[in-house]
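Dear colleague,

Please find below the structure that I am handing over to you. I would be grateful if you kept it open while reading the notes that come after it.

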Amino acid sequence: MQTIISTEQIRKDFPILQRKVRNGKNLVYLDNAATTQKPIQVINAITDFYTNHNSNIHRAVHALAEEATEAYEMTRDKIAKFLNIKDRQEIVFVRGTTEAINLVAYAWGRQNIKEGDIIVTTEYEHHSNIVPWQLLTQEKKGKLEYIAIDDNGELMLDQLDQYLATGKVKLVAVSQMSNVLGTITDVAAVIAKCKKAGVRVLIDGAQSVPHMKVDIDALGCDFFAFSGHKMLGPTGVGVLWAKKELLEQMAPFHGGGDMIREVHKYETTWNDLPYKFEAGTPNIADVIGFAAAIDYLNNIGMDYVRAHEIEITKYALDKLSQINGIKLYGTSDMSKRGGVISFNFADIHPHDLATIIDEDGVAIRSGHHCAQVLMEKLDIAATSRASFYIYNTKEEVDVLINSLSRAARLFKL
């Protein structure tokens with residue numbers, strides 16, 4: 001049952017938020033689009049595994065192995081409930097969103113993409129949802145096309161109609177939320193268009209799953225990828241969800257232990273789903289830690305997460321827009337925007353700005369954010385990016401604003 005709690009209560013669960021940095025300054029962590037901090041419940045779950053239950057899984061019958069296997073598989077069940085996935089066999093554990101997308105490109109793409117076929121992605125994608133498709137289309141002599149963004153940072157979906165009309169599109173790969181602009185795309189509309197054309201759809205949910213309710217069964221896509229570390233979980237854990245019939249048709253991504261049924265000298269038969277795609281000893285402790293992260297988010301409620309981020313992001317946008325020389329990117333419509341703000345400040349290079357702000361204990365990201373196609377579209381080299389999560393406060397936004405004012409004085413703006 002969901003418990004109503006305050007941001008102040010939430011912050012007490014995150015030991016790192018008590019840290020002092022840079023000559024005793026309070027840490028103000030605004031780099032959540034890169035990775036989120038971990039509550040003590042997640043840290044304790046990992047410690048408990050190594051302290052009391054450490055064992056490999058799925059193989060032995062001793063007590064530790066049974067306990068480890070049960071806890072590992074329970075995470076799969078919690079993910080299924082969290083995202084309304086009907087069949088737990090469709091949930092494949094991977095290292096993160098990047099590996100999930102590469103798995104699809106390798107195991108599905110190399111079987112299904114032929115010369116002249118088109119894969120469609122977008123101008124605001126992370127490199128993880130571009131480079132695998134570049135490699136695949138180059139290898140198979142296919143073509144990679146992009147849906148452009150408009151001046152608000154929203155996708156121009158009429159271009160998708162034009163691509164689909166060619167009859168050559170085999171896959172559309174799109175992020176539900178941009179890691180730079182914060183744009184939330186109506187992926188249900190994308191999926192509906194593609195279904196009519198008989199085209200497969202992959203959704204990159206790395207930024208969306210941590211910040212809003214996602215119902216995979218209702219969406220009706222073919223592939224969905226996300227990472228645990230962006231939603232309070234450990235690094236090195238992610239999920240590929242795919243329709244069962246597709247996973248059954250796909251060749252294994254990795255070969256080795258646990259993904260096999262029988263191995264003979266010259267032939268091998270594969271294990272049942274999802275283990276066919278989970279070769280070798282998995283990241284057991286961190287998968288179990290991920291379950292604790294899901295429990296934490298369920299306790300708060302994803303409606304609370306989204307409402308809190310809208311409040312903080314709107315406050316930050318209002319404050320930033322009052323500073324002379326600040327250039328903001330992305331839509332001002334909060335119903336279409338997540339808790340990410342990318343900006344540039346006069347002619348201060350984002351790396352210089354991030355260094356100055358860091359002196360005040362404020363952690364933001366500077367650079368191209370693994371989205372150089374988007375940077376080229378915007379005709380800039382880089383941006384500064386502040387990104388928010390459940391533990392951020394308006395007071396922390398004020399610290400950022402004051403730090404920007406100090407930067408303006410230093411550069412005599």
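The notes below describe a core, a sheet and a buried residue.

This is a predicted model, in which local features need pLDDT of at least 70 and side-chain atom pairs count only at pLDDT 80 or more, while totals for chains, interfaces and linings use all residues. Residues are numbered from 1 along each chain as its sequence is written, and side-chain values use heavy atoms, with hydrogens and water left out.

The largest nonpolar core (buried Ala, Val, Leu, Ile, Met, Phe, Trp, Tyr and Cys residues joined through side-chain atoms within 4.5 Å) has 79 residues. Buried means under 20% relative accessible area, with a 1.4 Å probe and protein chains only. I79, F224 and I390 have the most contacts inside this core. Contact means heavy atoms within 4.5 Å. Beyond its neighbours within four places in sequence, I390 is in contact with residues including F14, L232 and Y296.

An open sheet is formed by four strands (DSSP runs of E, at least two residues, numbered from the N terminus) in the order β13-β14-β17-β16, with antiparallel pairing. Two strands pair if DSSP finds at least two bridges between them. The edge strands, β13 (326-329) and β16 (365-367), each pair on one side only. Strands β14 and β17 are joined by four bridges, and V340 has S387 as its bridge partner in β17.

D31 counts as buried because its relative accessibility is 9%. Leaving out residues up to four places away in sequence, D31 touches A363, I364, R365, R385 and S387.

With kind regards

Key
Buried means under 20% relative accessible area, exposed over 50%, partly exposed in between (1.4 Å probe, protein chains only).
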